[in-house]
Structures are given as C-alpha cells and as structure tokens.
Amino acid sequence: RALSDSQVALLPGLEFRFVGHAGLHLLALGLDRWIEPETPDAFIALTRGAARFTMAAHPTLFDYRLPEAVAAGIDGIEVWNAAYNTRFLPDPAAIRLLGRVQARRPEVVGTAGLDQHDSRNDRETRIVLVDPAATDPLGELKAGRFRNRGRTMEFASRQPFGPIGLGALTAVRAGLDLVNLVHERASLALRRVA
C-alpha cells in the first residue's frame, strides 16, 4: 500500500501449486495475510476472508478439470494465457470450462493473463477496467467490470463468446495451432541440418 499511488496500484498475491494436482495453479490476489494451503480445498477455505480475488490459472496445464471445491469457490478462470496458449487468440477449451462453471455460478469471470515473470517479453494481453479511474481494481475484477484485450481481439469478462463465435474461435485456433506446429518442426529440422 505504501508503494502504491494514483498511477500504479501494487496488489499482493501468490500463486499456489499442490502435490497430487499436476498443473493446477491457483492465484490469490489481494491477500491480507500469509496462507499455506496444502490442498485445493484448503486454498478455497483459507482464502475466504484473506484474499479479495481468486483464480484458476492456465487451465491447459490441468487439462481443464477443476476439483469441485475449486469450481465452487473461485472468482475467475484464466481463459487467455499468452504464455501457455498463444498471444494471438484465447483458449476455446478454457472458455468452455468457464461456461461450465458459470452455468452453476454466473458471477465467475474469465480473465486474460501474461504469465510474465520479468520485463523482457511483453505478451500483449491485458485486463482493462471499464472505469480506468476506479479506486478498487480487485473489486472491479470480481464484479466483472473489465474487458480482456490482446493483440488481435477484445472480449468481455462474462460469457465472452456465443456458440457461433466460440465455434469460429475454435476453428481459427486449430488452424493457428497447426501453423505453429509446422513452424516448430521446420525450425527443428533446420537446426539439425545447420
């Protein structure tokens, strides 16, 4: 709080991983005390009252399967992770996961993320608050008053795509993934030749 000002708000948070839950990374933002959850269920229990916003990060790593307690307790799901998916398009499978969770809990939001651990690689995805002058960014996140913005598109925090839009995104994303695969294999083959 002491280092935040009217231009930049620093928000305390941690990302947790759990033994026996490969790829499941849960974020707690706006923490007001140290917590040490050993299980996803404990994460949900310990963050109630200690964190202002909780989120499941990069669902591709946990194969889009959330433990029931997590689905029942989180505030958001990362549907576009520029490091694990692509900086060009959101993840259709993560958007479908969001839809399944929202069917029971419509207040859950979908977020974009950088997974940027240093300043060397700006992956160009952003969460943009509807009201840039808002004084409570975590409250705005939880309320869904933001848009996800990337290099190629922008979409809402809730129900980002209808069935037709999601179908089109899935098709375009499959094409992009194929191009990336061909590029990676060609690059590998060229390195072997050189």
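Axes are lines fitted to C-alpha atoms, for helices over the stretch in contact, and angles run from 0 to 180 degrees between N-to-C directions. The model is predicted: local features need pLDDT of at least 70, side-chain atom pairs count only at pLDDT 80 or more, and totals for chains, interfaces and linings use all residues. Residues are numbered from 1 along each chain as its sequence is written, and side-chain values use heavy atoms, without hydrogens and water.

**Exercise 1.** Describe how helix α3 (residues 92-104) packs on helix α5 (residues 163-193).

Solution.
1. Helices (H or I, at least four residues) and strands (E, at least two) are DSSP runs, numbered from the N terminus.
2. The angle between α3 and α5 is about 150°, and their axes lie 9 Å apart.
3. Therefore α3 is roughly antiparallel to α5 (angles over 145 degrees count as such).
4. On the α3 side, P92, I95 and R96 make the contact; on the α5 side, L166, L169, T170 and R173 do (heavy atoms within 4.5 Å).

**Exercise 2.** Place strand β4 (residues 76-81) among its neighbours.

Solution.
1. Strand β3 (residues 53-57) pairs with β4 in the parallel sense over 2 bridges (pairing needs at least two DSSP bridges).
2. Here A56 has I77 of β4 as its bridge partner.
3. β4 and strand β5 (residues 109-113) run parallel, joined by 5 bridges; I77 stands opposite G110 of β5.
4. 6 of the 6 residues of β4 are buried, so β4 is largely enclosed by the rest of the structure (buried: under 20% relative accessible area, 1.4 Å probe, protein chains only).

Definitions and conventions. Parallel < 35°, antiparallel > 145°, perpendicular 65-115°, else oblique. Buried < 20%, exposed > 50% of the residue type's maximum accessible area, 1.4 Å probe, protein only.
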